[in-house]
Amino acid sequence: MVQCPDSLVWQIVGRNNCFQKKVNGHTKRSGCTIFSAEKGNLASISSFKFSGLANSKAVDISATSDNTTVISVKTSKSSTYPRKAQASSGANKCFKRSSATVKSLVANNYYRRDLEAAALAKYSKVYQANRISKKVRKSHPSKLGRK
């Protein structure tokens, strides 16, 4: 497969792909919000910055079925082959050490410094969800309106 620039891939894929979920309206005028469920999209927002399809460098943080966290980084060598493109590593240590691992993978080695805040935010939410599902921490019931 031929390498092509990231911006060209976004122009082709950005407005129409199978990962997009449109919420609250059908047109721009009615306030349509477009989310994306692709692998490598940290914020689940359909934009060039967060896209895992269009960027040759992408980061993904996800929870597995056995309540562990996996950090995946898109390798530049095989970025055009989706099945081989992800290099994964686990982050199952204490929160402080794992957040340092996320920082070192994303920002400290100049991989995608613009995604550091989004990666740390996603990791903290996945970590909290894993602790609740392991029954280490109790979930709080949500408050519904006035009483």
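# Notebook: a sheet, a loop and a cavity

I started with the strands: E3, E4 and E5 make an open sheet in that order, with antiparallel pairing. The edge strands are E3 and E5 (86-90), and each of them pairs on one side only. I also looked up the twist, and neighbouring strands here are turned by 25° against each other on average, direction ignored. Note to self: this is a predicted model.

Next I went to the E3/E4 pairing. How many bridges join E3 to E4? I find five, with the two strands running antiparallel. One pair I wrote down is Ile61 with its bridge partner Ile71 in E4. As a reminder, strands of a sheet pair through backbone hydrogen bonds, either parallel or antiparallel.

**The E3-E4 loop**

Then I moved on to the loop between E3 (59-63) and E4 (69-74), where Asp66 sits. Is Asp66 buried or exposed? It has 53% relative accessibility, and the cut-off for exposed is over 50%, so I put Asp66 down as exposed.

I checked what the Asp66 side chain touches. It makes a polar contact of 2.5 Å with the side chain of Thr64. A second polar contact, at 3.3 Å, links the side chains of Asp66 and Thr68.

Asn67 belongs to this loop between E3 and E4 too. Its phi caught my eye: it is positive, about 60°, although Asn67 is not a glycine. I get a relative accessible area of 23% for Asn67, so it goes down as partly exposed.

**Over to Asn130**

Which residue lies 64 positions from Asp66 in sequence but 9.0 Å away in space? That is Asn130, going C-alpha to C-alpha. I followed Asn130 further and landed on Thr69, since a polar contact of 3.0 Å joins the side chains of Thr69 and Asn130. Thr69 is in strand E4. Its relative accessibility is 2%, and buried means under 20%, so Thr69 is buried.

**Ser44**

I looked for another positive phi on a residue that is not a glycine, and Ser44 has one, at about 60°. Where is Ser44? I find it in the loop between strand E2 (33-36) and E3. Ser44 comes out at 30% relative accessibility, so I list it as partly exposed.

**Ser99 in H2**

I took a quick look at helix H2 (residues 95-108), which holds Ser99. Ser99 has 13% relative accessibility, so it counts as buried. What lies 2.9 Å from a polar atom of the Ser99 side chain? It is the backbone oxygen of Lys96.

**The cavity**

Last stop was the voids. I find one cavity of 30 Å³ or more in the structure. About 40 Å³ of space lies in this largest cavity.

Which residues line it? I noted Trp10, Val13, Asn17, Gln20, Ser36, Glu38, Asn41, Ile45, Ser46, Ser47, Ser51 and Leu53. I sorted the lining by type and got seven polar, four nonpolar and one charged.

Technical notes
Residues numbered from 1 in each chain as written. Predicted model: local features only at pLDDT ≥ 70, side-chain atom pairs only at ≥ 80, totals over all residues. Heavy atoms only, no water. Helix = DSSP H or I, 4+ residues; strand = E, 2+ residues; numbered from the N terminus. Buried < 20%, exposed > 50% of the residue type's maximum accessible area, 1.4 Å probe, protein only. Polar contact = N/O pair within 3.5 Å; in protein donor to acceptor, adjacent residues only side chain to side chain. 1 Å grid on protein atoms, 1.4 Å probe; cavity = no way out; pocket = protein on both sides within 12 Å on 5 of 7 lines; lining within 4 Å. Points joined across faces, edges and corners; volume = space filled by probe spheres on them. Nonpolar A, V, L, I, M, F, W, Y, C, P; charged D, E, K, R; others polar. Pairing = 2+ DSSP bridges. Axes fitted to C-alpha atoms, helices over the stretch in contact; angles between N-to-C directions.
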